[in-house]
Amino acid sequence: MKTVYSENHHRQHGRGELTDGYLMPVVEKPERAEMILARVKAEGLGEVVAPHDFGREPLAAVHDAGYLDFLENAWDAWEAEHGGERDALPLIWPVRTLRQARPENIDGKIGYYAMDAGTPITAGTWQAATTSAKVSLTAASLVHAGAPSAFALGRPPGHHAAADLLGGYCFLNNAAIAAQWLRDQGVPRVAILDVDYHHGNGTQAIFDDRADVFFASIHADPRQEFPYFLGHADETGSGAGEGHTANFPLPWGTEWPAYAEALDAACRRIEDYGPDVLVVSLGVDTFERDPISRFRLSSGEFPRIGARLAGLKRPTVFVMEGGYAVEEIGVNALGVLAAFEGG
Ligand code: OKP
Ligand code: ZN
């Protein structure tokens, strides 16, 4: 399969994220994509191609216009207020009892649009995030044109970003943008399977009330793990989307046997839905030595994920999400992709 990649991801290189009371180096860093790209080349997965420009429309089909304007201008506003020495991070949020209205001041605006203080906005964030969306759209367009599969090797990731919300290192929801674009090309049914360790709260929220995009996610139980406030098993979609969301939360310490069972259950739900295209939010932070996660999949088990996905026999767009064990991220991601091709 082809890999879509652009060097522009380097433009997102945050200096600090608030973690455990400390301002720490950001774990979502450029080396992640470099390691995966090196492995794509080493294993000869296929041609590496550059993304095309799709304009703003596919972004606006998923994200709120005011949010996109904010994201595009946030760094300049932050720099004007605080200088450019430090990344832009929020410190207050419109939580319970506060009014849900967008303030004028940049500090208020960041709180309005952010879900955490771990997702720094930098000088290059807009360029990197829009390129990551283009990478995902280009992979979707390859599959739409008849390729059995394609790999969107982008960063920053996207699955925590909702229509008007950034967080969890995500700004634009690359998987949702690809899925919506496919729908807008006339593809009747799209399924998204999110295998990142963290629940894809943004993707779920975007398609919550819709039956034309099925969302399934296998992830650490939000009672224990980020993003804490979505991803429980009883969330099944709303309105017209009732029954079109399926969450498989698993406890800390989950190993392959329990993971495989959830993966099989999620895949059976997708088979029942019968999508024309499958979008996989591919996170490999389920790895046993991931520095911020607590599942216990070994490198040898990622190919088994790829083999199960191949069994769905659907045109498939892989969109890169998380995975923070930089040394092994390439091996683990390619484990899934190469086994998918082999299966
Ligand atoms: C993004 B993706 C760790 C703080 C957790 C958020 C994790 C975001 C994961 N001390 N920060 O789903 O891989
Ligand atoms: Zn994750």
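Select Glu-43 in this predicted model. Glu-43 belongs to helix H1, which covers residues 31-43. Apart from neighbours within four places in sequence, Glu-43 is in contact with Leu-334 and Ala-338. Because 15 other C-beta atoms lie within 10 Å, Glu-43 is classed as partly exposed. Add Val-187 to the selection: it is 144 residues from Glu-43 along the chain, and the two C-alpha atoms are separated by 32 Å.

**The annotated domain**

Next, colour residues 27-337. In an unreviewed entry, UniProt places the feature "domain: Histone deacetylase" at this span. The span is 39% helix and 12% strand, and its end C-alpha atoms lie 23 Å apart.

**Helices H3 and H4**

Display residues 65-82, which form helix H3, together with residues 106-113, which form helix H4. Two packed helices are described by the angle between their axes and the distance between the axes. Here the axes come within 10 Å and cross at roughly 145 degrees. The crossing of H3 and H4 is left-handed.

Which residues of H3 meet H4? Show the side chains of Tyr-67, Phe-70, Ala-74, Ala-77, Trp-78 and Glu-81 in H3, which meet Ile-106, Lys-109, Ile-110 and Tyr-113 in H4. By class, this contact has eight nonpolar and two charged residues, with no polar ones.

Keep H4 in view. Its buried residues are Ile-106, Lys-109, Ile-110, Gly-111, Tyr-112 and Tyr-113. Since six of the eight residues of H4 are buried, the helix is largely enclosed by the rest of the structure. The buried residues of H4 pack against H3.

**Asn-174 in helix H6**

Move to Asn-174, located in helix H6. Is this residue buried or exposed? Asn-174 is buried, because 34 other C-beta atoms lie within 10 Å, where 20 or more suffice for that class. Not counting residues up to four places away in sequence, Asn-174 touches Ser-132, Ala-133, Ser-136, Ala-152, Gly-154, Gly-158 and Val-319. Glu-321 is 147 residues from Asn-174 along the chain, yet their C-alpha atoms are separated by 9.0 Å.

**Ser-149 and the loop after strand E5**

Select Ser-149, a residue of strand E5. Ser-149 counts as buried because it has 22 C-beta neighbours inside 10 Å. Its contacts, leaving aside neighbours within four places in sequence, are Met-1, Val-143, Pro-315, Thr-316, Phe-318 and Phe-340. Measure from Ser-149 to Ala-139, C-alpha to C-alpha: the two are 8.2 Å apart in space and 10 residues apart in sequence.

Then follow the chain to Pro-156, in the loop between strand E5 (149-152) and helix H6 (174-184). Arg-155 and Pro-156 are joined by a cis peptide bond, with omega about 0 degrees.

**Backbone features in two other loops**

Most residues other than glycine have a negative phi, and most peptide bonds are trans. The next stops depart from these tendencies.

Centre the view on Pro-227, in the loop between strand E7 (213-220) and strand E8 (245-250). The peptide bond from Phe-226 to Pro-227 is cis, and its omega is near 10 degrees. Tyr-228 is in the loop between E7 and E8. Its phi is positive, near 60 degrees. Tyr-228 counts as partly exposed because it has 15 C-beta neighbours inside 10 Å.

Now go to Asp-20, in the loop between strand E2 (17-19) and strand E3 (22-24). The phi of Asp-20 is also a positive value, near 50 degrees. How many C-beta neighbours does Asp-20 have inside 10 Å? There are 5, so Asp-20 counts as exposed.

**Helix H9**

Finish with helix H9, residues 302-310, and highlight its buried residues Phe-302, Ile-305, Gly-306 and Leu-309. Seen down the axis of H9, these buried residues fall within an arc of 100 degrees, so they line one face of the helix. To see what lies against them, display helix H8 (256-273), strand E9 (277-282), strand E10 (316-320) and helix H10 (326-342), against which the buried residues of H9 pack.

Key. Residues numbered from 1 in each chain as written. Chains lettered and ligands numbered in written order. Predicted model: local features only at pLDDT ≥ 70, side-chain atom pairs only at ≥ 80, totals over all residues. Axes fitted to C-alpha atoms, helices over the stretch in contact; angles between N-to-C directions. Helix = DSSP H or I, 4+ residues; strand = E, 2+ residues; numbered from the N terminus. Left-handed = near helix turned anticlockwise from the far one by under 90°. Contact = placed C-beta atoms within 7 Å. Nonpolar A, V, L, I, M, F, W, Y, C, P; charged D, E, K, R; others polar. Buried ≥ 20, exposed ≤ 12 C-beta atoms within 10 Å, placed from the backbone. Arc of directions from axis to C-beta. UniProt positions renumbered as here; feature names shortened; annotations may be inferred.
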